[in-house]
Structures are given as structure tokens and as C-alpha cells.
Amino acid sequence: MQIGMIGLGRMGGNIVRRLLQGGHSAVVYDRSADAVAALGREGAARSDGLEDFVSKLELPRTAWVMLPAGDPTEEAVNRLAALMSAGDTIIDGGNSFYKDDIRRAAILREKGIHYVDVGTSGGVWGLERGYCMMIGGDREAVERLDPIFRTMAPGIGEVERTPGRDGRDPRPEQGYLHAGPSGSGHFVKMIHNGIEYGMMQAFAEGFDILRGANSAELPAENRFDLNLPDIAEVWRRGSVVSSWLLDLTASALASDEKLESFSGFVQDSGEGRWTINAAIEEAVPAHVLSAALYARFRSREEASFADKVLSAMRKGFGGHQEPKAS
């Protein structure tokens, strides 16, 4: 099956490679001529502009947009819509806001163009491991594209089957899901990323406590000089907290036990904020996910204004002096 890919970054390029390895064909476009040329050498059809890109797609056309959320994706979808025809499909596989998907789908529906939103998880390991996909869109378009999704997905692999799934949709076991109408794919991916924030923060805080067990502020008999790489490794083997995130943590600690190559500045890509907004709209308590998002904000500040306010109050009521900067 043929697909067109716009955006050949770390994920877009590797998606194309996985599809080519699976026997599909691809037309590629990116503002970087070098990225286009690299995939051209691997078997993809090159294009040097959106008009050329669309002209090389077979009917009914399928164009996958893998660009940053917001204006870049909006511009690409609008330009494609002007060049494509009824029966064609535009896929947004980035991390777009689900309400933007709902709006875009309604506009494209008037032109007879299908819009499919694909929440794509797998990162830089997707080429090797496959991509977990949460898909939103009308059934006709999603089912037509099933060969593409099936090739991209990780497959059942060595993961044990969940008891009681007999008779259910087999696609989730393969690593992809038709979640519902337009917007639902990115909504599910948004919550996935919010949960990811919470899991990551839990590991981060836990290892920080383990590291602090040898603090000079503790009584000598209560101190432990713990081997964090070994703890991460043993937890990978049969513990209830074993996960890919723990695998990545163990790998990082094994190669750099003090993590001296990291500054601790943690960015957020938007989905965490959107998840908290959704929780507010639904009046659903989300204590852990909210705290994890705020922790990322805090990682970017050496000393916030709030810290200064606290210090001023402590000095005012108790005469507490700030320690000298180390």
C-alpha cells in the first residue's frame, strides 16, 4: 500500500522506513532536502514540494503529516486540503490537541476528504519495536488504512495475552486501536502522556529518596550507601514496577550513575497541560498527574519568586536567615 509522509524527523522518517521494510511504498516530503534524499536512497519516492508530493500519490491518496502540533500542522493540513480530492485521506500523526482534530475533520468532511488522527507512541525506538497507535476517524478510512497500521504496530510479540479477551477486537493486542470518531485518537494519546508524566515523576522521586539515604543529616545507623544502578536492574526482573520507563532508567544509571551529563531541566510538550484541562472540564480529580506537571515547571527554575516570598515570611515571623549559597 502507498502512503505519503510529510515531516521526516526522528519519528516520521522511521515510520517510512518501517513501512518500506514491510513491503509498502512511500512518497516523502520535508523542507530538508537532505532528509528527502536520505529516504530516497532507501526506496521512497522523493518530492520537492507539496504539489509534486500530491501528484505522486495514487488514488485514493493518503498523506500522513508528522509535524509539530500547532501552526506547522495546521498549515500543512490546509495546504493539502486545497490540493486533494474527495475520497482522499489526511492523517495527523503528531501530538495535536484533540479539539483541533474535531474542527479540522468537520471542515474536511465538507470537501469529502477523510481526516484521521493517530496518537503515535514509540519515539526513537519505533523502527525497531513498532509504534503503539490510538486512532480516531471514520470507520471507512481507518479500515482502508489497516494494512499501514498493522505494519507499523509492534504486534503481539512476547507479551502475554490478557485473559478474557477472546471475541474482542484483535487490533489492540497487536498494538493499535480505533478509539472512535475524529479527535478520540489524540484524546487517548493525551491521557497516555499525562499518565506517563506521573509514572516518570514517581520513578524520579523514588530514586532521589534512595540516593538521599546516605545523607549526612541522618543518624549514622540509619544511613545506607545504595547502588542505584543495581536497584534499577533488580526491579526490572519480576517486580510490579517493571516497565519500559524503568528499563530506560536502568540503562541511564548503568552508564552514568550520578547522571552528571543531565541538567535536570525538564520540558513539557503540551499533552500534560491538556490532560489537566480535560480533568478540570470533567471535574475528575487528577492529583498525581497535576503534581507531575508542576514538577516539570519547577525543574526550570533555580529559585522561583514563590521561594523568595517563603523565605521573606520565615525571616519576618521567626528571624530565619537564608543559608549562604554553596
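1. Surroundings of R61. In this predicted model, R61 touches V54, M84, S85, D88, T89 and R144, when residues up to four places away in sequence are not counted. R61 is found in the loop that runs between helix 3 (50-55) and strand 4 (62-65). Its relative accessibility is 15%, so R61 counts as buried, the limit being under 20%.

2. Polar contacts of R61. Two of the residues touched by R61, S85 and D88, also appear in its side-chain polar contacts. The side chain of D88 makes a polar contact of 2.6 Å with the side chain of R61. A further polar contact, of 3.4 Å, joins the side chains of R61 and S85. A reader inspecting the surroundings of R61 may wish to display these pairs together with V54, M84, T89 and R144, which R61 also touches.

3. Surroundings of D30. The loop between strand 2 (25-29) and helix 2 (33-41) holds D30. With a relative accessible area of 18%, D30 is buried, because the limit for that class is under 20%. Neighbours within four places in sequence aside, D30 is in contact with G7, L8, G9, A35 and V36. Of these, A35 and V36 have numbers that fall within the range given for helix 2 (33-41).

4. Polar atoms about the D30 side chain. Two backbone nitrogens deserve mention here. That of S32 lies 2.7 Å from a polar atom of the D30 side chain. That of L8 lies 2.8 Å from a polar atom of the same residue's side chain, D30. L8 is also one of the residues listed as being in contact with D30. As a separate distance, the C-alpha atoms of D30 and F53 are 10.0 Å apart in space, while the two residues are 23 residues apart in sequence.

5. Salt bridge between helix 13 and helix 5. Which residue forms a salt bridge with E281? The partner is K99, and the closest N and O atoms of the pair are 3.0 Å apart. E281 lies in helix 13 (residues 271-282) and K99 in helix 5 (residues 98-109), so the pair ties together parts that are 182 residues apart in sequence. E281 is exposed, with a relative accessible area of 53%, whereas K99 is partly exposed at 35%.

6. Salt bridge within helix 5. R103 and D100 form a salt bridge whose closest N and O atoms are 3.3 Å apart. Because they are three residues apart in helix 5, about one helical turn separates R103 and D100. R103 counts as partly exposed at 36% relative accessibility, and D100 counts as partly exposed at 24%. Both residues belong to a network of salt bridges that links E74, D92, D100, D101, R103 and R104.

7. Salt bridge of K56 and the overall count. K56 forms a salt bridge with D52, and the closest N and O atoms are 3.2 Å apart. The relative accessible area of K56 is 36%, so K56 is partly exposed. D52 counts as partly exposed as well, at 21% relative accessibility. Side chains of opposite charge can pair when their charged atoms come close. A search of the whole structure finds 20 salt bridges.

8. Nonpolar surface patch. F305, V309, L310, M313 and F317 make a nonpolar surface patch of about 580 Å². One of its members, V309, is placed in helix 15 (residues 305-318). Is V309 buried or partly exposed? Its relative accessibility is 35%, so V309 counts as partly exposed.

9. The chain as a whole. The protein chain contains 15 helices and eight strands. Its C-alpha trace spans about 75 × 45 × 45 Å along the principal axes. Of its 326 residues, 40% count as buried; R61 and D30, discussed above, are in that class. About 18600 Å² of the protein chain is exposed, and carbon and sulfur atoms supply 54% of that area. Among contacts between residues at least 6 apart in sequence, 64% join residues at least 24 apart.

How values were computed:
Residues are numbered from 1 along each chain as its sequence is written. This is a predicted model: local features need pLDDT of at least 70, side-chain atom pairs count only at pLDDT 80 or more; totals for chains, interfaces and linings use all residues. Side-chain values use heavy atoms; hydrogens and water are left out. Helices (H or I, at least four residues) and strands (E, at least two) are DSSP runs, numbered from the N terminus. Buried means under 20% relative accessible area, exposed over 50%, partly exposed in between (1.4 Å probe, protein chains only). A polar contact is a pair of N or O atoms within 3.5 Å; within protein, one must be able to donate a hydrogen and the other to accept it, and residues adjacent in sequence count only if both atoms are side-chain atoms. Contact means heavy atoms within 4.5 Å. Patches are made of residues with over 30% relative accessible area and no salt bridge: like charges are joined within 9 Å, nonpolar side chains (Val, Leu, Ile, Met, Phe, Trp, Tyr) within 5 Å. Accessible areas come from the Shrake-Rupley method with a 1.4 Å probe; for residues, only the protein chains shown count as cover. A salt bridge is a side-chain nitrogen of Lys or Arg within 4 Å of a carboxyl oxygen of Asp or Glu.
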